[in-house]
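User: Hi! I keep meeting labels in structure descriptions and would love to know where they come from. Could you go through some with me?

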Amino acid sequence: MRTVGLITEYNPFHNGHLYHLRQSLKAADAEVAVAVMSGHFLQRGEPALFDKWVRAEMALAAGVDLVVELPLPWACSSAPDFARGGVQALNALGGIDALCFGSEAGELEPLQQYVATLLEHGNTISQRTAELLRRGVTYPQARARLLAELLPEPLDAQDLAAPNNILGIEYLKALRETASRIVPLTIRRIGAGYHDTEIGEQNIASATGIRRRLA
């Protein structure tokens with residue numbers, strides 16, 4: 001029996017998450033899905049729309065088999081720590097065959113290339129990222145700018161700054177750094193973009209758009 005791991009916030013669970021769950025099971029040829037989910041508070045310390053118990057019930061009703069909580073220090077952190085906390089949780093659970101995440105890229109090869117660059121130039125990137133953050137540049141924009149400069153071929157900084165790509169790069173980096181046996185997989189994000197407020201293809205809205213409409 002194969003098991004696929006998902007690292008999530010589900011704030012709230014929506015059609016895009018359902019699509020990701022079903023496609024992840026197919027991609028991993030898995031019968032069981034385990035979600036590592038943020039608790040009451042999310043990245044940047046934002047409180048969740050619904051408490052963790054309600055969001056866990058949503059995930060279970062949709063077909064996730066087990067939901068475990070990502071501890072607060074990692075759940076509220078920026079992308080590198082959020083990703084590392086999720087990967088460490090899946091490693092600690094044991095029996096997880098694959099980690100499947102959504103990405104705008106929809107394929108692993110370019111993301112793996114970015115990871116290799118991050119590891120090769122880690123100290124330089126950390127120092128220059130900190131400098132850019134102090135100037136008011138956002139973390140995704142800073143990371144995208146530096147990767148575009150360091151990679152051998154010119155790349156679209158906008159693609160590198162896409163939220164799910166940034167997080168996917170950090171998942172891959174965390175898997176390498178923890179010497180994890182979990183196999184990475186990615187599913188192309190469809191429907192509304194991360195920051196879009198309108199409903200996209202296949203009746204998929206973003207969590208951001210749903211929260212704004214409810215507000």
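Analyst: Happily! Here the side chains of R128 and E149 meet in a salt bridge, with N and O 3.0 Å apart. This is a predicted model, where local features need pLDDT of at least 70, side-chain atom pairs count only at pLDDT 80 or more, and totals for chains, interfaces and linings use all residues. Residues are numbered from 1 along each chain as its sequence is written, and side-chain values use heavy atoms, leaving out hydrogens and water.

User: What makes R128 and E149 a salt bridge?

Analyst: The term asks for a side-chain nitrogen of Lys or Arg within 4 Å of a carboxyl oxygen of Asp or Glu. R128 and E149 have N and O at 3.0 Å, so the pair qualifies.

User: Why is K52 called buried but E69 partly exposed?

Analyst: Buried means under 20% relative accessible area, exposed over 50%, and partly exposed in between (1.4 Å probe, protein chains only). K52 has 17%, so K52 is buried; E69 has 40%, so E69 is partly exposed.

User: What is the relative accessible area of Q43, and is Q43 buried or exposed?

Analyst: The value for Q43 is 11%, so Q43 counts as buried.

User: Which residues does Q43 touch?

Analyst: Contact means heavy atoms within 4.5 Å. Leaving out residues up to four places away in sequence, Q43 touches several residues, including E9, A75 and F82.

User: Why is K173 called buried?

Analyst: K173 is at 19% relative accessibility, so K173 counts as buried. K173 also forms a salt bridge with E177, with the closest N and O atoms 3.3 Å apart.
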